[in-house]
Amino acid sequence: MEEKQFVFGKMSSIARYIYETMPNYDIAGYVLFLMIFLLSVLVYKLGFAKKLRLGQNIVIYAFLFIGCLVLTFLAFFLPVVEGLIVAALILIIYKIRLRLEKTKSSTT
């Protein structure tokens, strides 16, 4: 128990929670990677995505996948997942306000 606390003591909070609740470390690593990848896709879609051809989308998502591998290693000790959640929330609020402004200006 002492060794487990030493390893988990330096992790970010969501990564620590994932590693403490999953049955083994391999599954926890995949879950952490999947969470980072899905949040990165959400942030990309909300903030930066444009209409592109299929080939261009494949290249973008391939590089996003590779970048998320690096982010997963950083997520052990840095709050990467938490930062992606905050970025997604900010972009969601921005999109909602933008839509409200657009409907408000079109009705008047």
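The legends below describe close-up views of a predicted model. Local features need pLDDT of at least 70 and side-chain atom pairs count only at pLDDT 80 or more, whereas totals for chains, interfaces and linings use all residues. Residues are numbered from 1 along each chain as its sequence is written, and side-chain values use heavy atoms, with hydrogens and water left out.

**View 1. Surroundings of Glu 82 in helix α5 (residues 80–107).** Helices are DSSP runs of H or I with at least four residues, numbered from the N terminus. Glu 82 is buried (under 20% relative accessible area, 1.4 Å probe, protein chains only) but has no salt bridge (a side-chain nitrogen of Lys or Arg within 4 Å of a carboxyl oxygen of Asp or Glu), and Arg 16, the nearest side chain of opposite charge, is 8.2 Å away. The side chains of Glu 82 and Ser 13 are joined by a polar contact of 2.7 Å (N or O atoms within 3.5 Å, one able to donate a hydrogen and the other to accept it).

**View 2. The aromatic pair of Phe 33 and Phe 65.** Rings of Phe, Tyr and Trp (its six-membered ring) pair if their centres lie within 6.5 Å, and planes over 60 degrees apart count as edge-to-face; by this rule there are six aromatic pairs. Phe 33 and Phe 65 are edge-to-face, at 5.0 Å centre to centre with 85 degrees between the planes. This pair links helix α3 (residues 25–47), which holds Phe 33, to helix α4 (residues 54–74), which holds Phe 65, across 32 residues. Phe 33 is buried at 14% relative accessible area.

**View 3. The aromatic cluster of Tyr 19, Tyr 25 and Phe 76.** These three residues form one cluster.

Conventions:
Helices (H or I, at least four residues) and strands (E, at least two) are DSSP runs, numbered from the N terminus. Buried means under 20% relative accessible area, exposed over 50%, partly exposed in between (1.4 Å probe, protein chains only). Lys and Arg count as positive and Asp and Glu as negative; His and the chain ends are not counted. Rings of Phe, Tyr and Trp (its six-membered ring) pair if their centres lie within 6.5 Å; planes under 30 degrees apart count as stacked, over 60 as edge-to-face and the rest as tilted.
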